[in-house]
Amino acid sequence: MWTSIAAFAAVAATVVDGLAIDPRSNKLVTSEALRKRIKVAALEEKAHLLERFAYDSPDKNRVIGSEGHQATIDYITNTIKKFSKYYDVYQQPMPLSVGLSANVTINGKETEGYAVGLAPGGHASGPVIAIPNLACEESDFPDDLTGKIALVFRGTCVSGEKVAFAAAKGAIGVLVYNNVEGNLLGYSLQRYPESDTDYVPTVGISQAVGEGIISLLSAGGNVTAELTSEAKDITTYNIIAQTKGGDQNNVIHVSGHSDSVAQGPGINDNGSGSISLLEIAIQLTHFSVKNAVRFSWWTAEEEGLLGAEFYVKSLNQTEKDKIRLMLDFDMMASPNYAFQIYDGDGSAYNLTGPPGSAEAEAEFTHYFENIAKVNHTEIEFDGRSDYGPFLDAGIAAGGIACGAEGIKTEEEFQMFGGAAGVPYDVNYHEDGDTANNLNYDAWIVMARGIAHSTATYARSFDSLPPKNSTAVKARAETQMFEYKKSGRYLSMI
Ligand code: DPN
Ligand code: ZN
């Protein structure tokens, strides 16, 4: 008798609570409670869904401007919108130009040309001038390039800077020749144009063709080129969702990029980060937070961190100061993984981030060592993913990754298993980056690491240095200089 009354009362309370407000939302989030809600089945299901978005579309990828990417953006946004009492969500539009096709004729002879992302479409015909050195300095360029086509070497600084220098001197077009053998498919100027006249039509050519032009010119010959590039203006979107609850002036910003390269569906890079964030955002709605949690899914990372850069540029200093820490998650499920933490304190690679970055690294170290109880390594904090523009703006950052094209060492093999002498992800930027090629054991450890950091900072920023001190700003500025001389500028441009 007593038991059944008690059982009835319990059911009634649930129903009443269910009609009013979910009692679970009153409970302050903890790392453990949030981690427990992250399940591999939910991640796996969403990985297959993103793969379907790619394969159901004509391009079979999720590159910016594609149906597969738009489907990804719509899906994430609509999923978050289901929790409209918990999150404010908006899409930040970013217009840009994507290259469709290119034609080049050199001295009347047709040669292979590659469309270059971000460059405007158009036609140019005229004498070719080879820009000496690396074309990274204004002084490399002749004062007057009116009516000319500039030939620049790819690499060392972003090609967008080279094209902008050429355009400012009057060039009508630019040819970028490759610094390695092979094609320039999917190449972009890697820098958002600063004005409508910043860029001129630009086409990529192979290393061999570029070197051929240079030897003709240095033998005193004339070279004339005609280039045509077709580009499409698109609007692509960052997605920003923020908890309505929590201190809106002290934000933990967790993010990753939603786009893929053109070569394939991009499920590790970066379906894995996008999905981890989405699943955590869903599960977080069962709890309350002390600090606001902002989730972002950046667009156009693969074209040069463009979405994140565009977003940071859109913030005034007051808004930047509200972001206590930005965490980036890019490649969470590499098949031959290592558990890598961004080296925010510079202990392994000498490049530190703004104050708070070292503490973020320590928090992930704590997670791997004491909670997941797995080995971990560090990865250079070089700005090679979306946290780069945040570092530039003096915002503390951190994150974890599983590895891209880098080769697993023997020592890492001892730590993580897999295979030494093989890339962390053999399918990196290839068509094999699919849901079946992920490492789900690694992914769940990583996703729970994101959940741990999200919950920890949603509760408190006490472990971070105080906000807004002059010392903080001064240090951030010196670091920025170091960062510019490093990483992304030298390795992958
Ligand atoms: N920036 C990544 C990409 O999207 O290609 C690769 C990468 C991720 C490299 C994480 C280092 C760390
Ligand atoms: Zn990526």
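Donors are N, O and S atoms within 2.8 Å of the metal, and water is not among the atoms, so a site may look incomplete. With that in mind, the tour of this predicted model may begin at the metal.

**First stop: the zinc ion**

Please select the zinc ion (ligand 2) together with His257, Asp269 and Asp330. The protein donors of the zinc ion (ligand 2) are NE2 of His257, OD of Asp269 and, listed twice, OD of Asp330, and they lie 2.0 to 2.5 Å from the ion. Along the sequence, the donor residues follow the spacing H-x11-D-x60-D. Aspartate 269 belongs to helix α7, whereas aspartate 330 sits in the loop between β11 (323-329) and β12 (340-342), so this pair ties together parts that are 61 residues apart in sequence. Are these two aspartates buried or exposed? Aspartate 269 counts as buried because its relative accessibility is 4%. Aspartate 330 also counts as buried, at 8% relative accessibility.

**Second stop: the peptide bond after aspartate 269**

Remain at aspartate 269 and display the backbone. The peptide bond leading from aspartate 269 to asparagine 270 is cis, with omega near 0°. Asparagine 270 is placed in helix α7, which covers residues 267-284.

**Third stop: two alanines with positive phi**

Next, select alanine 300. This residue has a positive phi of about 55°, although it is not a glycine. Alanine 300 is found in the loop between β10 (291-298) and α8 (306-313). With a relative accessible area of 0%, alanine 300 is buried.

Then move to alanine 135. Here phi is again positive, at about 60°, and this residue is not a glycine either. The loop between β4 (122-130) and β5 (149-153) holds alanine 135. Its relative accessible area is 1%, and alanine 135 is therefore buried.

**Fourth stop: the disulfide**

From alanine 135, select cysteine 136 and cysteine 157. How many disulfides does a search of the whole structure find? The search finds one. Cysteine 136 and cysteine 157 form a disulfide in which the sulfur atoms are 2.1 Å apart. The link of cysteine 136 and cysteine 157 is left-handed, with -100° about the S-S bond. Cysteine 136 lies in the loop between β4 and β5, and cysteine 157 in the loop between β5 and α5, so the pair ties together parts that are 21 residues apart in sequence. Both cysteine 136 and cysteine 157 are buried.

**Fifth stop: aromatic pairs**

Now display the aromatic side chains. The structure holds 21 aromatic pairs. One of these is formed by phenylalanine 141 and phenylalanine 165: the pair is tilted, with 5.5 Å from centre to centre and 45° between the planes. Phenylalanine 141 is in the loop between β4 and β5, while phenylalanine 165 is in helix α5 (residues 159-168), so the pair ties together parts that are 24 residues apart in sequence. Phenylalanine 141 is buried, with a relative accessible area of 4%, whereas phenylalanine 165 counts as partly exposed at 23% relative accessibility.

For another pair, select tyrosine 457 and phenylalanine 461. The ring centres of tyrosine 457 and phenylalanine 461 are 6.0 Å apart and the planes are at 20°, so the pair is stacked. Tyrosine 457 is buried, with a relative accessible area of 1%, and phenylalanine 461 is buried with 7%.

**Sixth stop: an aromatic cluster and a lysine**

Select Tyr337, Phe339, Tyr367, Phe368 and Phe416, which form one aromatic cluster. Then add lysine 408, which lies over the face of tyrosine 337 at 5.4 Å from the ring centre.

**Last stop: the nonpolar cores**

In soluble globular proteins, nonpolar side chains tend to be buried together. Which residues touch the most other members of the largest nonpolar core? They are Leu284, Phe295, Trp297, Leu327, Phe329 and Trp443, in a core of 64 residues. Helix α13 (residues 440-459) supplies the largest share of this core, twelve residues. Apart from this core lies another, of 29 residues, among them Val152, Val163, Leu184 and Leu189.

To finish, centre the view on phenylalanine 295. Leaving aside residues up to four places away in sequence, phenylalanine 295 touches Tyr87, Ile239, Ile240, Ala241, Val254, Leu277, Ile280, Ala281, Leu284 and Thr454.

How values were computed
Residues numbered from 1 in each chain as written. Chains lettered and ligands numbered in written order. Predicted model: local features only at pLDDT ≥ 70, side-chain atom pairs only at ≥ 80, totals over all residues. Heavy atoms only, no water. Helix = DSSP H or I, 4+ residues; strand = E, 2+ residues; numbered from the N terminus. Buried < 20%, exposed > 50% of the residue type's maximum accessible area, 1.4 Å probe, protein only. Donors = N, O, S within 2.8 Å, 3.2 Å for Na, K, Ca; no water. Phe/Tyr/Trp six-rings, centres within 6.5 Å; stacked < 30°, edge-to-face > 60°. Lys NZ or Arg CZ within 6 Å of the ring centre and 35° of its normal. Core = buried A, V, L, I, M, F, W, Y, C linked by side-chain atoms within 4.5 Å. Contact = heavy atoms within 4.5 Å. Disulfide = S-S within 2.5 Å.
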